[in-house]
Amino acid sequence: MTDNPDRFASGGEVRAETDPVRQLVITSSRDHRDGLVVAFEGVADRTAAEELRGTLLTIAPYERRELAEDEFWPDDLDGMAALAPDGTRIGTIAGVRLGAAQDRLVVATADGREVEVPFVDELVGEVHPSGGFVVLRLPDGLLDPTDQAS
């Protein structure tokens, strides 16, 4: 997904979130169905291309567009404290799972569980990047360990 398909022009660079992380230089791209077909330097055959299937491609933070007031980059939320409206610590934001219908905050609780909280106004009351915390308004039972899927 991108809000700037021009990013995939020949000569552009993206970061492949593989292990280890790779910097890829784009040699060509073209529209295909609901997306793009992109060729990279050093990815010379179908086998090498298949190894990249499903890989998250990102750009350097300094290349990102300016965000609107209520927008956040997922990695900017990592490590923030997750607080209840009364200030009680619920846990720590351990990531964001991007979804087609909605994104979900992954909250690591003190007892070692991970709870996914839909990133919607009704549940995520406030996000304070400068303060390092998010205020969550969770419905009763969401944090109940017996309700969590394993």
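Residues count as partly exposed when their relative accessible area falls between the buried limit of under 20% and the exposed limit of over 50%. In this predicted model, Arg-97 has a relative accessibility of 34%, so Arg-97 is partly exposed. Arg-97 forms a salt bridge with Glu-116, and the closest N and O atoms are 2.4 Å apart. Arg-97 belongs to strand 6 (residues 89–97) and Glu-116 to strand 8, so the pair ties together parts that are 19 residues apart in sequence. Glu-116 is also assigned to the partly exposed class, because its relative accessible area is 31%. The pair does not stand alone: salt bridges that share partners join Arg-97, Arg-104, Glu-114 and Glu-116 into one network.

The structure holds 8 salt bridges. Side chains of opposite charge can pair when their charged atoms come close. One of these pairs links Arg-64 and Asp-75, whose side chains meet at 3.0 Å, N to O. Arg-64 lies in the loop between strand 4 and helix 2, while Asp-75 lies in helix 2, so this salt bridge ties together parts that are 11 residues apart in sequence. Arg-64 has a relative accessibility of 21% and therefore counts as partly exposed. Asp-75 is partly exposed too, with a relative accessible area of 40%.

A further salt bridge joins the side chains of Arg-65 and Glu-71. Its N to O distance is 3.1 Å. Arg-65 is partly exposed, at a relative accessible area of 37%. Glu-71 counts as partly exposed at 30% relative accessibility.

The loop between strand 4 (57–58) and helix 2 (74–77) also holds Asp-70. Asp-70 counts as exposed, because its relative accessibility is 68%. Asp-70 contributes to a negative surface patch, together with Glu-69, Asp-121 and Glu-122. Tyr-62 lies in the loop between strand 4 and helix 2 as well. Tyr-62 has a relative accessible area of 73% and is therefore exposed. Between Tyr-62 and Pro-74, the separation is 12 residues in sequence. In space, the C-alpha atoms of Tyr-62 and Pro-74 are 15 Å apart.

Polar contacts of Asp-111 were examined next. The side chain of Asp-111 is joined to that of Thr-109 by a polar contact of 2.4 Å. Thr-109 lies in strand 7. Thr-109 counts as buried, because its relative accessibility is 11%. A polar contact of 3.0 Å joins the side chain of Asp-111 to that of Arg-113. Arg-113 is found in the loop between strand 7 (104–109) and strand 8 (114–118). With a relative accessible area of 19%, Arg-113 is buried, because the limit for that class is under 20%. Asp-111 thus has side-chain polar contacts with Thr-109 and with Arg-113.

How values were computed: Residues are numbered from 1 along each chain as its sequence is written. This is a predicted model: local features need pLDDT of at least 70, side-chain atom pairs count only at pLDDT 80 or more; totals for chains, interfaces and linings use all residues. Side-chain values use heavy atoms; hydrogens and water are left out. Helices (H or I, at least four residues) and strands (E, at least two) are DSSP runs, numbered from the N terminus. Buried means under 20% relative accessible area, exposed over 50%, partly exposed in between (1.4 Å probe, protein chains only). A polar contact is a pair of N or O atoms within 3.5 Å; within protein, one must be able to donate a hydrogen and the other to accept it, and residues adjacent in sequence count only if both atoms are side-chain atoms. Patches are made of residues with over 30% relative accessible area and no salt bridge: like charges are joined within 9 Å, nonpolar side chains (Val, Leu, Ile, Met, Phe, Trp, Tyr) within 5 Å. Accessible areas come from the Shrake-Rupley method with a 1.4 Å probe; for residues, only the protein chains shown count as cover. A salt bridge is a side-chain nitrogen of Lys or Arg within 4 Å of a carboxyl oxygen of Asp or Glu. Lys and Arg count as positive and Asp and Glu as negative; His and the chain ends are not counted. The place of a charge is taken as NZ of Lys, CZ of Arg, CG of Asp or CD of Glu.
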